[in-house]
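Thanks for coming. I will go through one residue and then the sheet around it, and I will keep it brief.

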Amino acid sequence: MMASKFIIFNTNNDEYGLPIEKVTSIEKMEGLNTIPEMPGYMKGVVKVRGELIPVLDTKQIFYRKDSVTGADLKLIVIQTDQLHVALIVEEAKEILEIQEEDLKSINMGVLKPSSYFTAVASLENRLITIVDPNELINNLDEIEVIKEGMSSYL
């Protein structure tokens, strides 16, 4: 039986999982610099270990609502095929090992914007939606604007 490890986080009181091998670090929400004329889900950039990283709001991306900024928010820094990004989450809770048989694939079919939700982990009293970081970034509107904007900051 195969098992995979995921970083579990909360957004809008729902639980999501990111494959642990894509997660670089979990940071406090500090030192956010806003950049004008970026897409609404991009809240700015932060410096993590000397690298400027775009900060994306998961609540804005998943629910079209802004996260309430506060000291409690966390940043999950992930590496995708295209760039490092920091995702704003309400809580980064735990590392969880999920058995392959507990993962149910989601076929959203017509819902292309949600193609980054690849499965749901059906655990005893929890449902955790699994997020593919590469699909998430690839499906964002205006991601090219962010990539170009970031390259001008480097």
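Which side chain makes a polar contact with the side chain of Glu 15 at 2.8 Å? Before I answer, note that this is a predicted model. The partner is Arg 126, through its side chain. Glu 15 has a second side-chain partner to mention, Lys 93, with a polar contact of 2.7 Å.

Now, is Glu 15 buried or exposed? Its relative accessible area is 12%. The cut-off for buried is under 20%, so Glu 15 counts as buried.

What does Glu 15 touch, leaving aside residues up to four places away in sequence? The list has Ile 8, Phe 9 and Asn 10, then Lys 93 and Glu 94, and finally Arg 126, Leu 127, Ile 128 and Thr 129.

On to the sheet. Glu 15 sits in strand 2, which covers residues 14-19. Strand 2 belongs to an open sheet of six strands, ordered 8-1-2-11-10-9, with mixed pairing. Which strands stand at the edges? They are strand 8, residues 91-99, and strand 9, residues 103-105. Each has a single partner strand, so one of its sides has no neighbour in the sheet. From one strand to the next, the twist averages 35°.

As a general reminder, strands in a sheet pair through backbone hydrogen bonds, in a parallel or antiparallel way. One pair here is strand 10, residues 117-123, with strand 11, residues 126-131. These two run antiparallel, over six bridges. Within this pairing, Val 120 is opposite Thr 129 of strand 11. Thr 129 was also among the residues that Glu 15 touches.

Technical notes. Residues are numbered from 1 along each chain as its sequence is written. This is a predicted model: local features need pLDDT of at least 70, side-chain atom pairs count only at pLDDT 80 or more; totals for chains, interfaces and linings use all residues. Side-chain values use heavy atoms; hydrogens and water are left out. Helices (H or I, at least four residues) and strands (E, at least two) are DSSP runs, numbered from the N terminus. Buried means under 20% relative accessible area, exposed over 50%, partly exposed in between (1.4 Å probe, protein chains only). A polar contact is a pair of N or O atoms within 3.5 Å; within protein, one must be able to donate a hydrogen and the other to accept it, and residues adjacent in sequence count only if both atoms are side-chain atoms. Contact means heavy atoms within 4.5 Å. Two strands pair if DSSP finds at least two bridges between them. Axes are lines fitted to C-alpha atoms, for helices over the stretch in contact, and angles run from 0 to 180 degrees between N-to-C directions.
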